[in-house]
Amino acid sequence: MKHVFLIIALGLAALSLVAWRWRPPQAPDYRLAMIEAVLDAAGAEGQRGLAWSQFQSFMREADANGDGVITLMELAHRPGEPLWRTRLRVAFDRIDANADGGIDAAEQRRLFDSLDATGDGVLTPHDRPAPPTTLLWATDDNPVRREQMDLFNAYHPEYRVVLDPIVGTMEKVIVQCIAGVGPDIFDCYSGAQLAAFVRSGIAYDATEALAARGVDVNEVWPAVHPLILLDDRLYGHPGNTSADAVWYNKRLFDEARMPYPPDDWTWDECIAIAKRLTRRDARGRPVQFGLMTGRFAWRTTFVPQWGGSLYNEEGTRCALDAPEARAGAEFHCDLIYRHGVCPSATEEIAMANQGGWGLGEQNWFATERTAMAVGGRWWLCTLRRPAFKHLRYGVAPLPRGPLRRGVGGGRASLVNRNSPHLEGALAFVAFMHGKEWNQLMNRQADALAPVLKYHYGDYADAFLRDPRHPDEDFNAVWLETLENAIPERPSPFVIGQRVERIILNESDLMAGGLKTGDQAMRDVARDINEAIVEMLRLDPELRARYDALLAQGAAPAWNSEADAP
Amino acid sequence: MKQRSDLRVALFFLIPNFVGFSVFMLGPVMFSLGASFTNWNLVKSVPFRFVGLENFGTLFQSQDFWLYSINTLYFMLGMPVAIAGSLFLAVLLSQRLRGVVLYRTLFYLPSFTAGVALLILWKALYNPSFGPINELLNVLLEPVRAFADAVSAAALLRERGPFGWIAASGEALPFLAGLAEAQPPEWLASTRNLFALRPNAVGVDAAQWGLGARDAIIFMGVWTAVGGGNMLLYLAGISNIAPELYEAAEIDGAGRWAKFRHVTWPQLAPTTFFIVIMSFIAGLQGGFEQARVMTLGGPAGTTTTLAYYIYIKAFEEFQIGYASAVAWVLFSIVFAITLVNWRFGSRYVNY
Amino acid sequence: MSTTSAQRTFAAWWFRAGRFHVSHAFLVVFSLTMLLPFLWMLLASVKPQNEVELLNPFPTVWQWENYLEVLTHKDISFGRYYFNSLFVAAWVTFLACFTSSLAGYAFARLRWPGRDHVFKLYLATMMVPGVVTMIPNYTLMVKLHLLDSYLGLVIPASFTAFGTFLLRQFMLTIPPSLDEAARIDGASHWRIFWDIILPLSRPGLIVLAIFTFMGNYGSFFWPLVLIKSEHLRTLPIGMLFFDTIYGKQTNLIMAASVMNIFPLILLFIVLQKYLVRGIQLGAVKG
C-alpha cells in the first residue's frame, strides 16, 4: 500500500515536470528576422537606416519578371541567395495577407510599415517590434474561424488574436465578465443576446470608437443591425450576415423529371412541387420529404411574409396575436398537416439524430432525405467537404407569400467593456468592416459578408463567380435574399432569452400538432406580454421609458388595466 | 467503556480536507444562500436590494416551478428500480463466476460512453418510425390490432352474436377502434406520460396518457444506472463483508436468501445509506445534461427539471437571486430527506 | 440425425459439468445490450461524415483515416489535450483519495464533539446545485490567481464532500473491535489508519478513484470557463473544434471519444481486480 502511494506520487511529480516544461512553440516574429536580414544586406548603408525607396529596390530584385507582384515562384530557392530572400519566402503567407498568391505593391508597402516600428520612415536596428499583444476572442471554434484569425494577424502583426471557445450560449462570457476576466472580444448571435450583454454592463459602447475607425453602420446589411445596435448606440460589428433561401437537390429533381424551382415563385407552386417530391414507404413512414422549413420558419418566414411581426413598432407589446401573424403560423401548420410536405415533430425526430443549431435541416439535405430545404449560405461550410462532393444542388429564393421577405440574422463580435486591450479589440472589430475580411467571408461561405458594398460594383464579379467553386452559380440568389431580408427588432422591455424559451415551447406544441398555429400565436403573445409586465415590475428605469411610450400612444402589453404592473 | 474524545487527533486528520472544503465548497454555498434573499439581477438597471423571503413567495406561486418540480419527481421514479437492479447485479457479480471481469467491464461500459454518444444512440433507438424499439413493439402490437379489428367487425356484423354486447354497450366499440389503431409510443417527440400530466400547465388530461419523452428518459436512465456507479459501490461493499459472517450463517444452516437477508443486507446498510442519499441528490439535481444536449427541455418543457430551470433563470433570464432561491428550496428538500434517512439508517449502523 | 445427437451430448455435458448457470444466461444477454452504445461509437468513428446521420449500422466505406485526421489535424493539438485531461484527472484522483480518506477516518473512527453536525455540513454542500455556486466559485479562482492554470483545475476538485462521505461509509463497515484491539496494543492513530483502516477500505478507495477520475476526466464546464490558453485545454474543450455551428463532424467526434475512453476502460480493468479487501481480517486479528 505504502509503495503504491509512493509510486503514484513520484509518477505524478514527474508528469508535473513534463507538463510544466511542455510549452507550445511560439511562432517567431517574422518582422524581426526580416529587419535583420534587410539591414545586413544593405551593408554600410544600412547603418543609418533604410528608407522606403531603398527597400523597394530589394522588392524589385525579388520581382524577377518585373510585373510589380512577387510570387512564390519568383522567390524559389537559389543556391547562395541572400538571407532576406529566404526570410521573405518563409514569411510569404503572412505578408500575402489577402492570400491571392502574390505580394503586390500595397502589400510591399504594408510590409515596410509593419517593419518600421518607430514609424520614422526608415528601418533601423531600433525597429525591433514589441511582442504582439494577445487578444482573446470568445466564439464558436471551427476551421473557418482559424482562417479568419490568421487574416487579421497577418494584417496586424502587433496583435495576435487567439480563440477561446464558447458553445453559443452566454454563461461562459457572463461568468468570466462578472469576475472581471472576460475575453477581449466575444460573439453575440441574436438581438436578445446583445440586449442582455448591454444591460448587464458587459458590452462596450463603441459608437464613437468605431466611427473613428471608419465603421459606417449604414454600410452594414440592415438584417444584422439588431445584433449591434441598441437604442441607437453601436456595440460591435457583425462578422457575417445571413438570410434563408431554398436549397434544392438537383438529382432528386432530375429523377422525378421536374424542372428546377424558378427564380420567382409562390408558396402554392412550391407546395405543388414539394408534394410530388415527398415519398413515403408502404407503412406511411416518411422516406423523403419535399420541403423542410425548420421548426421556427413561422417566425423567420411566414409571419413576416403574411405581414406580422414579433413586436409592435415601439416594442411595447408582443404582436403575434395580430391576425396577420396568426395567418402566417396557420400556413406553417398547413404545410405539415394539410399538405404533408413538411415533417411534423415526430417525423422530424424520426429522421434526425442530432439536435441544436437547426442542424436537422442541413443534415437532411446533405444526406438527400429532403428535396428542398430552407437554409442559409453557411451550409456550404459543410457541403463543400469531401464527404458531400457527390451532391448536386442549387438555390432558389424563398417563395413569395403576400409579401416577399424573410428575417435575416448573423453573428456579431462585441467588445468587453473591461478589456485590458481595448485598442486591439476595437481594431479587430473594425477590421470586420474592411475589404479583406468581407471578401474572406464570401470566399469561405461563412454565410455572407456583413458589409453591403462588397457584393456590388467592382466586387460583384469576385463574389458572384468564385473560380475556386465554379459549380456554385447561385450567389446572385443569396444576394437577392439578403436584399429582401428584414431585421427582427427585439423589445427592450423583456429579457430576450425568456422570449426564446416561450417561443421554443409553443413551437414544440405547434409542430407536435397539439395546438393550432392560431392558438399557439395567441399563447405566445400572452406569455411574452406577461413577461413584459413582470420585467416592468422589476425595473423602475424601464418602467419610466415604457410609460413615456404609452403616453405617445403605443399599445400596452396588457389588455385590461387590472393586469397593468 | 468511558466516552473518549479524540478531538486533537480528529483535527489533524480533518484539517487538510476541511480547509479546502471551507474555501471551495462552503464559501460559495453560503454566498448563494445570501443571494437567495436578494433580488440580484445581472441587468444593471434593476436596483439591488435585500428582499427577504420574497423570492420564495414568488417561487411558490409560479406555475413553472411546480411544473418543473413535478417533472423532477417524475424522473426520480426510476431511482428505486435502478438501485435494486444495481444491488441484484452486484450480488451476482460478486460470485466466483467465470468471466466476471468481462461482465463487470461490460456493465460499466455505458458509464464511460456517457454523454453525447449515449444520447445519440438512444435517440436512434427511440426513433418513432425506424427505431428498433418501435419495430419490436409493432410486431407485438400487430396481433392485438388484428384481434381488435376482428372482434369489432364480428360485433358489428351480428349484433346478436357472442360479441353483440360490444356493439350495444356504446363504450367498448370506440375502445376497440382505438385498439385497432394502436400505434407504438412516439417517445422523445411526445408530451404524453404515464400520469397523463398536461404539458405547460399543472393538471391532468386524459389525452396525455401514454408513453412519451419523460418515460423514454427514465428507461434510459435506469438502463445506464443499473450497471453504473451504484453497482460498483455495492460490489465494493459486498467485498468488505467479513467472510466469517457468512461462515457463521452457513453453520446456522442459512440458505441463499437467508444469508442475503441477515448478512449481506444489514452489512450493506452504510453503503445503501450512501447510495440513497446520493441518488436523491443526483435525482433532484438531475436532468440538466439531458436537457442541454438531448431535448433542450422540450418537447414543450416536459423534460425541463428544476436543475435546468435554475440554469434558465440564472443564465438566460439573469435572475441570480431567484435562481438561488430555487436552489435552496431544492436543498431543503434533500436535507430533510437525509435527516430522516439518518435516523432510519443509524439503527443498523453501530459506531 | 447425427447433429441432433451431438447437440444433445453437448447439452448434457454442459449441464452436468455445471458449466451452465442461470446467472450466465442472464448476464450474457444483458451485458451485450450494454455494449451497444460503445459499438455504435466505434462504428460511427469509421464512417464517412455523410453516413453518420443515416440509420445504417455499418459504414459503406470503413474510413479509418478519421483517427489520423483527429490525431494530426493542424489546427488542434490532440496529444496535448489528451495529456492535459489525463494529467489533471490523475492529480485530482490522487489528492481527493488522500484528503477524503483522512477526513473519512476522522468522521468514521474517531469520537469528538460536534462530529455529526460537521458531517451534516459536508453533506449539505453537495445538495446545493452547482449552477448557483458557479459565479462565487469562479470569482474565488480569479482572486486566488488560479485562473488559466493546471492548479485551478486540480485544487478545487481535490477536496470533495462526496469522497469524504463515501469513505466514511466504508470505514463504518469495518468492525470497531479492530482498532480498539490495536489501541490496547499501543498503536498510534496514524498507525491504525495507515496499517489497518486504509487497507481494509481499499474497495472504497478504488471506487472513489474510479469515480473521481472519470468525473474529472469528462468534466466540461469548469475547464471551459477556467482555461484560456490553448495548450492547457482538456479534451472535451478541444473537441469543440469538430462540433461546430456549421455542422457537427460526428464521425471525428466519435473517433476522438473512442480514443478518449480507452484509458478509462484500461484503468477500470486494472482497478476492478482490487475491489477486494487489502488484507484479511484474520491477519489483523492474529
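# Reading strands, domains, contacts and cores

Guide: Let's start with a pair of strands: six bridges join strand E10 (residues 236–242) of chain A to strand E17 of chain A, and the two run antiparallel. Two strands pair if DSSP finds at least two bridges between them. Helices (H or I, at least four residues) and strands (E, at least two) are DSSP runs, numbered from the N terminus.

Visitor: How should I read the numbering and the model itself?

Guide: This is a predicted model, in which local features need pLDDT of at least 70 and side-chain atom pairs count only at pLDDT 80 or more, while totals for chains, interfaces and linings use all residues. Residues are numbered from 1 along each chain as its sequence is written, and chains are lettered from A and ligands numbered from 1 in the order in which they are written.

Visitor: Which residue is the bridge partner of Ser242(A) in E17(A)?

Guide: Ser242(A) is matched with Gly409(A) in E17(A). Strand E7 (residues 185–188) of chain A also pairs with E17(A), through four bridges, again antiparallel. There, Ile185(A) has Val415(A) as its bridge partner.

Visitor: How many residues of E17(A) are buried?

Guide: A residue is buried if 20 or more other C-beta atoms lie within 10 Å of its own, exposed if 12 or fewer, and partly exposed in between, with C-beta atoms placed from the backbone. In E17(A), residues 409–415, seven of the seven residues are buried. Try following the side chains: Gly409(A), Arg411(A), Ser413(A) and Val415(A) point one way, Gly410(A), Ala412(A) and Leu414(A) point the other way, and all are buried.

Visitor: What does the whole of chain A look like?

Guide: Chain A has 25 helices and 18 strands. Its C-alpha trace spans about 85 × 75 × 65 Å along the principal axes. Of its 565 residues, 49% are buried.

Visitor: What share of the contacts in chain A comes from residues 24 or more positions apart?

Guide: Two residues are in contact if their C-beta atoms, placed from the backbone, lie within 7 Å. Among the contacts in chain A with a separation of 6 or more, 73% are between residues 24 or more positions apart.

Visitor: How is chain A divided into domains?

Guide: Domain bounds come from an automatic or database domain assignment. Chain A has domain 1 (30–123), domain 2 (133–242 + 409–486) and domain 3 (245–407 + 492–529). The C-alpha centres of domain 1 and domain 3 of chain A lie 54 Å apart.

Visitor: And the domains of the other chains?

Guide: Chain B has domain 1 (29–42 + 50–128 + 198–345) and domain 2 (129–184), with C-alpha centres 38 Å apart. Five residues from domain 1 of chain B and six residues from domain 2 of chain B make up their contact. Chain C has domain 1 (2–69) and domain 2 (73–285). Here the contact takes 11 residues from domain 1 of chain C and nine residues from domain 2 of chain C. Helix H2 (22–44) and helix H3 (65–72) of chain C each give two or more residues to the domain 1 side.

Visitor: How many residues of chain A are in contact with chain B?

Guide: The count is 29 residues of chain A, against 30 residues of chain B. Helix H23 (496–511) of chain A is one of the elements giving two or more residues to the chain A side, and H23(A) provides the largest share, seven residues. To sort residues by class, Ala, Val, Leu, Ile, Met, Phe, Trp, Tyr, Cys and Pro count as nonpolar, Asp, Glu, Lys and Arg as charged, and the others, Gly among them, as polar. The chain A side has 12 nonpolar, nine polar and eight charged residues.

Visitor: What about chains B and C?

Guide: Their contact takes 69 residues from chain C and 74 residues from chain B. H2(C) gives the most to the chain C side, with 10 residues. By class, that side has 51 nonpolar, 16 polar and two charged residues.

Visitor: Which residues touch the most other members of the largest nonpolar core?

Guide: A nonpolar core is a set of buried Ala, Val, Leu, Ile, Met, Phe, Trp, Tyr and Cys residues joined through C-beta atoms within 7 Å. In the largest, of 321 residues, Tyr235(A), Val429(A), Ile310(B) and Val326(B) touch the most other members. Helix H4 (residues 78–108) of chain C gives this core its largest share, 17 residues. Leaving aside neighbours within four places in sequence, Ile310(B) is in contact with Ala323(B), Val326(B), Ala327(B), Pro129(C), Val131(C) and Val132(C). Apart from the largest core lies another, of 15 residues, including Tyr30(A), Leu50(A), Ile70(A) and Leu123(A).
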